Amino acid sequence: MAALARQKPTNGHHDVTGPESSTVEATASVVGYADAAPADFANVLLRLGEEPWRTYAWTGMFESLR
């Protein structure tokens, strides 16, 4: 993906995971994953300066995926 990001847009489809999709577990092992309670996640966002309305939107979206 990094190589594609450095080039001009191709307006095409690019397989970046190979012929099979990666599992959530495999992706998490590469990029890192930390299970956090929605309230803890919201507190981190607020401490980092995120606006309250956007914090609410992010935490709501992620909580719906859990």
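## Ground rule and overall picture

Buried here means under 20% relative accessible area, exposed means over 50%, and partly exposed is whatever falls in between. By that yardstick Glu50, at 25% relative accessibility, counts as partly exposed. Keep in mind that this is a predicted model.

The protein has 4 helices and 0 strands, so reading from the N terminus the elements simply go α-α-α-α. Its radius of gyration is 16 Å, whereas a compact globule of 66 residues would come in near 11 Å. Along the principal axes, the C-alpha trace spans about 40 × 30 × 20 Å.

There isn't much of an interior to talk about: buried residues make up 6% of the 66 residues. The accessible surface comes to about 6,000 Å², and carbon and sulfur atoms account for 59% of that.

## Helix H2, out in the open

Helix H2 covers residues 24-31 and is hardly covered itself. How many of its 8 residues are buried? The count is 0. Right after H2 comes Gly32, with a positive phi near 95°.

## Where H3 and H4 meet

Helix H3 takes in residues 38-47, and Phe41 is found there. Helix H4 runs over residues 52-65 and holds Thr59. Phe41 and Thr59 sit 18 residues apart in sequence, yet their C-alpha atoms are 7.1 Å apart in space.

Is Thr59 buried or exposed? Thr59 has a relative accessible area of 11%, so it is buried, given that the cut-off for buried is under 20%. Setting aside neighbours within four places in sequence, Thr59 is in contact with Pro38, Phe41 and Ala42.

Thr55 is another H4 residue, and at 4% relative accessibility it counts as buried. Beyond its neighbours within four places, Thr55 is in contact with Ala42, Leu45, Leu46 and Glu50. Ala42 therefore turns up in the contacts of both threonines, Thr55 and Thr59.

## The aromatic cluster

Phe41 is worth following a little further. With a relative accessible area of 26%, Phe41 is partly exposed. Leaving out neighbours within four places in sequence, it is in contact with Trp58, Thr59 and Phe62.

The structure has 2 aromatic pairs. One of them joins Phe41 and Phe62: the ring centres are 5.4 Å apart and the planes sit at 75°, so this pair is edge-to-face. Because Phe41 lies in helix H3 and Phe62 in helix H4, the pair ties together parts that are 21 residues apart in sequence. Trp58 and Phe62 also form an aromatic pair, this one stacked, at 5.7 Å centre to centre with 15° between the planes.

What separates Trp58 from Phe62 along helix H4? They are 4 residues apart, which means about one helical turn. In general, an α-helix has 3.6 residues a turn, so residues three or four places apart point the same way. Put together, the ring pairs link Phe41, Trp58 and Phe62 into a cluster.

## A nonpolar patch on the surface

Two of the cluster's rings also show up at the surface. Trp58 is partly exposed, with a relative accessible area of 36%, and Phe62 is partly exposed too, at 37%. Which residues form the nonpolar patch on the surface? Trp58, Met61, Phe62 and Leu65 do, and together they have about 410 Å² of accessible area.

## One salt bridge

A search of the whole structure turns up 1 salt bridge. Which side chains meet in it? Those of Glu50 and Arg54, with 3.3 Å from N to O. As a general point, side chains of opposite charge can pair when their charged atoms come close.

Neither partner is hidden away: Glu50 is partly exposed at 25% relative accessibility, and Arg54 is partly exposed with a relative accessible area of 34%. Glu50 has one more role in this picture, as it is among the residues in contact with the buried Thr55.

Definitions and conventions. Residues numbered from 1 in each chain as written. Predicted model: local features only at pLDDT ≥ 70, side-chain atom pairs only at ≥ 80, totals over all residues. Heavy atoms only, no water. Helix = DSSP H or I, 4+ residues; strand = E, 2+ residues; numbered from the N terminus. Buried < 20%, exposed > 50% of the residue type's maximum accessible area, 1.4 Å probe, protein only. Contact = heavy atoms within 4.5 Å. Patch = residues over 30% accessible without salt bridge, like charges linked within 9 Å, V, L, I, M, F, W, Y side chains within 5 Å. Areas by Shrake-Rupley, 256 points an atom, 1.4 Å probe, with all protein chains shown as cover. Salt bridge = Lys/Arg side-chain N within 4 Å of Asp/Glu carboxyl O. Phe/Tyr/Trp six-rings, centres within 6.5 Å; stacked < 30°, edge-to-face > 60°. Rg over C-alpha atoms; globule rule 2.2 N^0.38 Å.
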